Amino acid sequence: MHDLRKGAACHDNWQRPLRDLRISVTDRCNLRCAYCMPGEVFGRDFVFLRHAELLSFEEILRVVQQCVALGVRKIRLSGGEPLLRHGIERLIEMLAKLNASDGKPVELAMTSNGTLLAKKARALKDAGLMRLNISLDALDEAIFRRMSGSSAAPATVLEGIAAAQNVGLAPVKVNAVIKRGINEGEILPLIRRFRHTGVIMRFIEYMDVGNTNGWRLDDVVTSSETLAKISALYPLAPLDAHGPNEVAERWAYQDGGGEIGVISSVTQAFCRTCSRLRLSTDGKLYTCLFATEGVDLRTALRAPSTDGAALRQRVAATWHCRSDRYSQLRHEMTERLPGRIEMSYIGG
Ligand code: SAM
Ligand code: SF4
Ligand code: SF4
């Protein structure tokens, strides 16, 4: 039996505490990034979840309350594109009232593609959102369209970034996934665009998530390549990690131009300190981004007999059984695993 007192740390099989919760609030998206939801797969015939299948905001809140009681300190809303979920500000308001077991407010963050942000930034900030990561893979219009599988323009995302900064959602982090032969030429333009602006530009190694993106190791531009390219023009100095669960390696421009980061999801596994649980749009818990199966909570949530303690027991048991370390083991794997879950469904 696990210790289920409020605030008692909940550990998995590798003694990793439960600290972060990532919630996918919708499986839909208005972009079709080739590395995430390629248009050939997520086309007109693709069947997305029906509204009744999604967790309601009240159901999400009930799960979050129990996760917080078990040690979660940080929540990130993701998707799909979270700004497509109708009334998302209401969920933010509900979650922003929560305190972590250490008494501090739960850190509330979102990852968005930024295309709908210009109009929403003020409402998100007013509702209590604290941090925002915005994805932007290219400044060049043609490359952006190719990466995002859409006719959207990078200027729209730039407007969203400016709006986020204007309402004080600082520091805004901009994330770019770099795919060899497609947008590696955008690394330096992105760097130049955001130096001295207060935006933290971060480069993510392209990962083998899901089954649909046709991932090949050759397509990965490693963080060390990216850093070499940047530091040849703009010398960098390492910065300390913010905490043990930080996934980005932080660097500062030596000339005072600000901070950048690299996320080496492929070349340096962070499984040893991975404290992240994922809640899918339809209420399944996933203990790893590369998990093949989730634990259904929705049935329990909709059963009148399930109280908070029962829900907490379910979450704790799921975390307690966890022994995932996919990235750590990736190099030993010769073949892609069948049946992995798409990132848009469990929240990247
Ligand atoms: N739609 C939002 C967005 O794009 O920011 C939130 C959901 S998206 C799944 C979350 C993050 O996952 C984005 O920064 C995206 O670039 C990243 N991502 C998706 N597929 C990826 C992959 N195959 N490798 C690395 N990062 C990926
Ligand atoms: Fe949509 Fe984000 Fe996936 Fe791109 S990365 S397809 S914006 S969910
Ligand atoms: Fe965490 Fe799984 Fe990624 Fe390892 S592979 S860092 S366990 S999500």
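The following paragraphs lead through a predicted model, beginning with its sheet and moving on to helices, loops and ligand surroundings.

The sheet is open and has twelve strands, which follow one another in the order E7-E8-E9-E6-E5-E4-E3-E2-E1-E10-E11-E12, and the pairing among them is mixed. Its edge strands are E7 and strand E12 (295–296), each of which pairs on one side only. Helix H7 packs on this sheet, where it touches E6, E7, E8 and E9, and the direction of H7 makes about 155° with that of E9. Elsewhere in the sheet, strand E1, made of residues 20–24, pairs with strand E2, made of residues 74–78, in the parallel sense and over five bridges. Within this pair, Arg22 has Arg76 of E2 standing opposite.

Helix H7 spans residues 223–233, and its buried residues are Ser223, Thr226, Leu227 and Ile230. Because these residues cover an arc of only 95° around the axis, they lie on the same side of H7. The spacing along the chain can be read against a general property of helices: an α-helix has 3.6 residues a turn, so residues three or four places apart point the same way. The face of H7 that is turned away from the buried side carries the exposed residues Ser224 and Ala232. As for what covers the buried residues of H7, the list includes helix H6 (187–194) together with strand E6 (200–205), strand E7 (236–238), strand E8 (249–253) and strand E9 (259–263).

Helix H4 can be read in a similar manner. Which residues of H4 are buried? They are Phe144, Met147 and Ser148, and since they fall within an arc of 85° when seen down the axis of H4, they line one face of the helix. The cover over these buried residues of H4 includes helix H5 and strand E5 (173–178).

The loops around H5 deserve a separate look. Ala153 is found in the loop between helix H4 (141–148) and helix H5 (154–166), and Ala153 counts as partly exposed because its relative accessibility is 24%, where the partly exposed class lies between the limits of 20% and 50%. Ala153 is 31 residues from Glu184 in sequence, and their C-alpha atoms are 18 Å apart in space. On the other side of H5, the loop between H5 and E5 contains Pro171, which is joined to Ala170 by a cis peptide bond with omega of about -5°.

Two residues other than glycine have a backbone phi that is positive. For Gln15, in the segment before E1, phi is near 65°, and the residue counts as exposed because its relative accessible area is 57%, over the limit of 50%. For His196, in the loop between H6 and E6, phi is about 65°, and His196 is likewise exposed, with a relative accessible area of 54%.

Finally, the ligand surroundings can be compared by residue class. Ligand 2 is surrounded by Cys29, Leu31, Cys33, Tyr35, Cys36, Met37, Gly80 and Asn113, a shell with six nonpolar, two polar and no charged residues. Around ligand 3 stand Phe270, Cys271, Cys274, Arg278, Cys288, Leu289, Phe290, Arg322, Asp324, Tyr326 and Ser327, and the shell of ligand 3 has seven nonpolar, one polar and three charged residues.

Key:
Residues numbered from 1 in each chain as written. Chains lettered and ligands numbered in written order. Predicted model: local features only at pLDDT ≥ 70, side-chain atom pairs only at ≥ 80, totals over all residues. Heavy atoms only, no water. Helix = DSSP H or I, 4+ residues; strand = E, 2+ residues; numbered from the N terminus. Buried < 20%, exposed > 50% of the residue type's maximum accessible area, 1.4 Å probe, protein only. Near = heavy atom within 4 Å. Nonpolar A, V, L, I, M, F, W, Y, C, P; charged D, E, K, R; others polar. Arc of directions from axis to C-beta. Contact = heavy atoms within 4.5 Å. Pairing = 2+ DSSP bridges. Axes fitted to C-alpha atoms, helices over the stretch in contact; angles between N-to-C directions.
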